[in-house]
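Here are a few short exercises to work through with the model open. Try each one yourself before reading the solution.

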Amino acid sequence: MSLLLLERARQGDPLFRLTTDGPTCGAGSTSLGLIPGRPPARGEQYRFHFDMTKCIGCRCCEVACSEQNGNSFEINWRRVGEIEGGIYPNAKRHYLSMGCNHCLDAACLKGCPVNAYRKDSHTGLVLHNPNTCIGCGYCTWNCPYGVPQFNPERGVVGKCDMCHGRLAEGREPACVNACPESAIRVELVNIAEWRENYESANAPGMPGANHTVSTTRITLPPALTAEMKRADYHRVRPEHPHLPLVFMLVLTQLSVGAFLGLLPIGVRQWRAELAALAVALISLGASTLHLGRPAYAWRALKMWRRSWLSREVLLFSLFANLAMVSAATGLRSLAIATVLAGAAGITASAFIYMVPARPAWNSKLTLADFYGTALLLGPLFLSALGVPVKPVLVAAAAAFQILVQTAKFLHLACSEEFELRTSSRLLAYDLRLLVIARMALLILGGIVLPFTGHSAIGFAIALAGEWLSRYLFFVSVVPKSMAASFFRRKAA
């Protein structure tokens, strides 16, 4: 194939020109103006310019990006989405090619617990260091454009860096070089002026540029109507369940609830304290299974001043250590400090997920849900161990959870926001049997069985219900992202 391209280039075919990189399927590969003729001056940075009027949806940019960075076909640092609208015979379709927007207020950078991201002071590019990354994936939840992507083979996240090594050598990024229509270019942008007016970064099928002040400039087709929608508008599927996090979140909340339930009891409950401590230690150990590089989990403590994930790790570590000392000494002051540290840890856990790029999570109801799990499972756990617990307290916690779950669904269903409304559609249709099972387990384990004296069975059922609830929490979220293709490619 490469010999054929070379021969066509030598014959002067304008679609196959010779470049310093060899023949390429891009008419614009040697054209002037595809990259700036100078590096950014003070107050400037590089940005992409995408011309939607030129893009033909050939996906040469996707292929070139993947080949340049050695990514498998499932991972696309540059993606081509589709937007469509109108009624036959006036139906229209346009293509949207997006890499990283190298935002002025990059959300991926702010949320990283190990400081694996930096905004280069000379070029303005948002760069990721895979050697520092622990593969937590938190940045993938924070970015409203879905730019960072986790690579399971490497155990780290990766993203478009505008081929900054090529730019430094005066060469176009791979996507720019490959585009046969010169629909992608690299420009310089004045940062201060762009902050004042970044309307040119907005396009149908993309989250608003105000989220992170995207720097990508988009040239839209003339007379683009408001009826144009993303091609995947009606094709939303459940997200990844993140099972280690499902396991960890419920058990840490259970442990905190158990220590809280022990405070009003005047007699020391050694067995219950040790059991609650064991649950906390098991859950913290299991949480590292979520990481792509669990051996480097300790790095997550690094950015506690900025990252909620770092704060969660720090606070639950403090909680576990205070619990050990409290169990050993029996001091009430330490028991209170243990509960406070655990409650702060639950709060940090909730704020990890309360991010604008995941609208269904970004609500105070997430915090209420997490606390509700603690208030329900803690007393049930103690009751299963023989500690005297009033059934009415457990029933009250279960009723609180029912109200929270109902309020969450109504919040989603009544919203005009696409992502929220679609999350409710997932829960009402695709996941409806799991939703019914979750509510049945909650009522049976949290209300019915505690009053019949079957504490251990009630705890097991309620625990299963809360695990199912957290599973639904992850799979039903619809993230903000750019438009995808009409057809979803299947993994090999």
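**Exercise 1.** Which residue does Gly81 stand opposite in S5?

*Solution.* Before you start: this is a predicted model, where local features need pLDDT of at least 70, side-chain atom pairs count only at pLDDT 80 or more, and totals for chains, interfaces and linings use all residues. Residues are numbered from 1 along each chain as its sequence is written, and side-chain values use heavy atoms, leaving out hydrogens and water.

Step one: find strands S4 (residues 79–85) and S5 (residues 92–98), which run antiparallel and are joined by seven bridges. Strands are DSSP E runs of at least two residues, helices H or I runs of at least four, numbered from the N terminus; two strands pair if DSSP finds at least two bridges between them.

Step two: look across from Gly81, and you'll meet Leu96.

Step three: follow the hairpin round its six residues between the strands, where Gly86 has a positive phi near 95°.

**Exercise 2.** Find the residues that touch the most other members of the largest nonpolar core.

*Solution.* A nonpolar core joins buried Ala, Val, Leu, Ile, Met, Phe, Trp, Tyr and Cys residues through side-chain atoms within 4.5 Å. Buried means under 20% relative accessible area, with a 1.4 Å probe and protein chains only.

Step one: among the 127 core residues, pick out Phe50, Leu96, Tyr353, Leu376 and Phe474.

Step two: locate helix H8 (residues 243–262), which gives the largest share, 11 residues.

**Exercise 3.** Is Asp232 buried or exposed?

*Solution.* Start in the loop between strand S12 (229–230) and H8. Asp232 is buried, because its relative accessible area is 8%. Its side chain reaches the backbone nitrogen of Ala484 at 3.4 Å.

Methods:
Buried < 20%, exposed > 50% of the residue type's maximum accessible area, 1.4 Å probe, protein only. Polar contact = N/O pair within 3.5 Å; in protein donor to acceptor, adjacent residues only side chain to side chain.
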